[in-house]
Amino acid sequence: MNRGELLYEGKAKKLFRTEDPDVVRVVYKDDATAFDGKKKGHLPGKGEMNNRISAFFFRYLAEKGVDNHFVRRLSPTEQLVRRVRILPLEVVVRNRAAGSLAKRLGLEEGTSLPRPVVEFYYKNDELGDPLVNEDHIAALQLASPDQLEEMKHIALRVNGLLKELMEERGVILVDFKLEFGLDREGRLLLADEISPDTCRFWDARTEEKLDKDRFRRDLGGVVEAYREIWRRLGGEIRD
Ligand code: C5P
């Protein structure tokens, strides 16, 4: 694969141009950040796990009819995805209270929610990614009401599919974050990544954390936990 021009470098990924203007190459990095970049770490092997797990989830979702940006995995740490313009919104779905929701509403971490909670956050580093409602999104013109409705619908469908998939593998899907983009024709497409960096996964028996909270909370064994998720998904490490 030709080394195309670097288009973007984020906290955990790099994006490169390819010969196809509608396709970009994503390289998953071993770096981790948390708390608006205030906490930084280097976790050898994380990039490979997130690339594999993300590719697995995107392929699974596509098979179930949830269109997304994934094209194919290129190598242990790289994948090709369709080029989209990412909307500045994070869509979070929660099945149990944890993290910022537990804190904001004073709920004990792990409390089951009677129905999934969908939240939108405005992606803005200077503002610290604030929680926004549909009126805020309209006021800032971050997405149209139709796009918002579609994102919510897709997010709940992804939740249903991944919750069941993980349950079968002895893992609780506590919550996760999705991002969406618009392709050249303006079609909304599920994008970014779905990995232990962007989901909370707990072992169903022990409630042990198998996700980025191990890094956020200095619990150790971060990459080992990501490997465990990959193993539960039936993953092997060959190429
Ligand atoms: O921190 P909070 O509880 O709001 O996170 C909810 C979910 O969204 C968690 O799974 C977390 O990993 C994910 N998230 C993310 N990127 C962010 C904020 C949250 O992947 N910038």
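**Entry 1: the ligand shell**

I looked first at the ligand and counted 14 residues around it. Gly99, Ser100, Lys177, Thr198 and Arg200 come nearest. Here a residue is near a molecule or strand if its C-beta atom, placed from the backbone, lies within 6 Å of it.

I noted that this is a predicted model, where local features need pLDDT of at least 70, side-chain atom pairs count only at pLDDT 80 or more, and totals for chains, interfaces and linings use all residues. Residues are numbered from 1 along each chain as its sequence is written.

Next I asked which elements supply the shell. Strand E9 (89-96), helix H2 (99-105), strand E12 (171-182) and strand E14 (199-203) each give at least two residues. Helices (H or I, at least four residues) and strands (E, at least two) are DSSP runs, numbered from the N terminus.

I sorted the shell by class and found five nonpolar, three polar and six charged residues. Ala, Val, Leu, Ile, Met, Phe, Trp, Tyr, Cys and Pro count as nonpolar; Asp, Glu, Lys and Arg count as charged; the others, Gly among them, are polar.

**Entry 2: confidence**

I checked the scores. The mean pLDDT of the protein is 97, and 98% of its residues reach 70 or more. pLDDT is the predictor's confidence in each residue, from 0 to 100. For the complex, the predictor gives an ipTM of 0.97 and a pTM of 0.97.

**Entry 3: two domains**

I looked up the domains: domain 1 is 6-82 and domain 2 is 85-221. These bounds come from an automatic or database domain assignment. The C-alpha centres of the two domains lie 17 Å apart. Domain 1 puts 19 residues into the contact, and domain 2 puts in 21. Two residues are in contact if their C-beta atoms, placed from the backbone, lie within 7 Å.

On the domain 1 side, strand E4 (31-34) and helix H1 (46-63) each give two or more residues. H1 has the largest share, seven residues. By class, this side has nine nonpolar, five polar and five charged residues.

**Entry 4: a five-stranded sheet**

I traced an open sheet with antiparallel pairing and the order E1-E2-E3-E7-E6. Two strands pair if DSSP finds at least two bridges between them. Why do E1 (6-9) and E6 (70-75) each have one side without a neighbour in the sheet? They stand at the edges, so each has a single partner strand.

I then followed one pair. Five bridges join E3 (residues 23-28) to E7 (residues 78-82). Arginine 25 has leucine 80 in E7 as its bridge partner.
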